[in-house]
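Biologist: Could you take me through this model step by step, giving the reasoning behind each reply?

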Amino acid sequence: MSDELIFVLAVTLITWLGLFLYLLRLELKLKEAERREEI
Amino acid sequence: MFWQILLGIWMTAVILASFLYMPATQGLGQTGRIIVYHVPAAWLAVLAYLISMLNAVGYLRRGELRLDRQARINAELGTVFCLVATVTGAIWSRAAWGWYWNWDPRQTSIAVLLLIYTAYFVLRSAVSDQARRARLSAVYSVLAFLTVPFLVFVVPRVYASLHPDLINLEQGSFDMDRKMLVVFLASLAGFTGLYAWMYKLVARLENLLDKLEQQKRGEAESER
């Protein structure tokens with residue numbers, strides 16, 4: 001596997017994990033806000 | 001939370017498989033790997049625009065503002081995925097054809113599609129009355145979707161295009177290596193899950209904002 005391909009793989013993985021963690025954080029914050037709304 | 005974590009693991013596995021398991025495409029070389037991201041994004045754009053149109057039809061029949069909101073959220077997500085498809089396509093085009101933008105029928109039709117849906121948001125922002133905005137944008141959404149099958153499926157096949165075609169129309173099959181097909185279908189499923197998650201998040205967020213707005217209005221009225 002060439003260095004260039006490893007670089008593209010790393011960038012793709014980092015982009016995905018960044019998006020995933022951002023969505024997960026949003027999910028947790030929303031859950032917390034919805035729970036407060038119920039109270 | 002379980003299925004979101006599962007989606008995270010699933011997509012990470014898809015990304016790794018698209019580089020480590022999937023072979024390079026015949027004729028396209030390493031750049032062919034982009035198919036795992038580019039095609040699902042385009043597929044989701046079409047799916048989201050379709051759902052947006054169905055919600056718009058629902059609004060025109062029943063007049064529920066909830067359906068107008070669903071139509072808007074889907075149009076937004078459709079545009080996000082359409083942009084992802086355009087950008088990934090342009091990156092591939094740079095590697096395969098020498099430059100990011102070549103006005104190939106595929107590129108031209110996706111640019112027209114983006115302009116059509118940008119106009120949808122311009123229309124929405126130009127009308128302040130809620131009911132009028134919902135009615136006008138529902139009609140526009142139906143008209144906008146009528147162009148989608150032509151721009152995505154017909155135009156690039158009618159005019160000579162350099163864009164590779166996944167579907168072999170003569171044999172009615174996928175022109176793909178078996179390993180590649182597995183990764184591609186897994187990516188399609190993962191992207192669809194991602195879309196469902198994003199849709200749910202935006203819808204819940206807007207519901208909460210609505211409630212907050214109503215609460216503020218109620219408090220202001222009680223102060224008077």
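The questions and answers below go from confidence and overall build to single helices and residues.

Biologist: Where in chain B is confidence lowest?
Modeller: This is a predicted model, and the predictor gives the complex an ipTM of 0.86 and a pTM of 0.86. Chain B has a mean pLDDT of 88, with 96% of its residues at 70 or more. Where pLDDT is low, the predicted coordinates should not be read in detail. Within chain B, the mean is highest in helix α2 (residues 35-62), at 93, and lowest, at 62, in strand β1 (residues 167-168).

Biologist: In what order do the helices and strands of chain B follow one another?
Modeller: Chain B, whose C-alpha atoms fill a box of roughly 70 × 40 × 30 Å along the principal axes, has 6 helices and 2 strands. Read along the sequence, the pattern is α-α-α-α-α-β-β-α.

Biologist: What share of the contacts in chain B with a separation of 6 or more comes from residues 24 or more positions apart?
Modeller: One pair that is far apart in sequence is V202(B) and I73(B), which lie 129 residues apart along the chain while their C-alpha atoms are separated by 7.3 Å. V202(B) belongs to helix α6 (residues 178-223) of chain B. For chain B, the share of such contacts that joins residues 24 or more positions apart is 73%.

Biologist: Is V202(B) buried, partly exposed or exposed?
Modeller: A residue counts as buried with 20 or more other C-beta atoms within 10 Å of its own, and as exposed with 12 or fewer. V202(B) has 17 such neighbours, a count between these limits, and therefore this residue is partly exposed.

Biologist: What secondary structure does chain A have?
Modeller: The C-alpha trace of chain A spans about 55 × 10 × 5 Å along its principal axes. Of its 39 residues, 0% count as buried, while the corresponding figure for the 224 residues of chain B is 32%. The secondary structure of chain A comes to 0 strands and 1 helix.

Biologist: Which elements of chain B each supply at least two residues to the side that touches chain A?
Modeller: Across the interface, 13 residues of chain B are in contact with 14 residues of chain A. By class, the chain B side consists of 7 nonpolar, 4 polar and 2 charged residues. The elements of chain B that each supply at least two residues to this side are α1 (2-20) and α6.

Biologist: Which helix gives the most to the largest nonpolar core?
Modeller: The largest nonpolar core has 47 residues, and A41(B), A45(B), A48(B) and F81(B) touch the most other members. Leaving aside residues up to four places away in sequence, F81(B) touches A41(B), L44(B), A45(B) and A48(B). Two or more residues come from each of α1, α2, α3, α4, α5 (130-158) and α6 of chain B. The element that gives the most, with 14 residues, is α2(B).

Biologist: Which residues follow α2(B) and α3(B), and what is the sign of their phi?
Modeller: Helix α2(B) has 28 residues and reaches 40 Å from its first C-alpha to its last, close to the 40 Å expected. Helix α3(B) has 33 residues and reaches 46 Å, close to the 48 Å expected. After α2(B) comes G63(B), with phi near 70°, and after α3(B) comes G98(B), with phi near 100°; the sign in G63(B) is positive, and in G98(B) likewise positive.

Biologist: At which residue does α5(B) bend?
Modeller: Helix α5(B) has 29 residues and reaches 41 Å, close to the 42 Å expected. Its buried residues include A134(B), F145(B), L151(B) and P156(B), and what covers the buried residues of this helix includes α2, α3 and α4 of chain B. The bend, of about 40°, is at L151(B).

Biologist: Is W103(B) buried or exposed?
Modeller: W103(B) is placed in the loop between α3 and α4 (105-126) of chain B, and its phi is near 55°, a positive value in a residue other than glycine. Because 8 other C-beta atoms lie within 10 Å and 12 or fewer counts as exposed, W103(B) is exposed.

Notes:
Residues are numbered from 1 along each chain as its sequence is written. Chains are lettered from A and ligands numbered from 1 in the order in which they are written. This is a predicted model: local features need pLDDT of at least 70, side-chain atom pairs count only at pLDDT 80 or more; totals for chains, interfaces and linings use all residues. Helices (H or I, at least four residues) and strands (E, at least two) are DSSP runs, numbered from the N terminus. Two residues are in contact if their C-beta atoms, placed from the backbone, lie within 7 Å. pLDDT is the predictor's confidence in each residue, from 0 to 100. The expected span of a helix is 1.5 Å times one less than its number of residues. Ala, Val, Leu, Ile, Met, Phe, Trp, Tyr, Cys and Pro count as nonpolar, Asp, Glu, Lys and Arg as charged, and the others, Gly among them, as polar. A nonpolar core is a set of buried Ala, Val, Leu, Ile, Met, Phe, Trp, Tyr and Cys residues joined through C-beta atoms within 7 Å. The bend at a residue is the angle between axes fitted to the seven residues ending there and the seven starting there.
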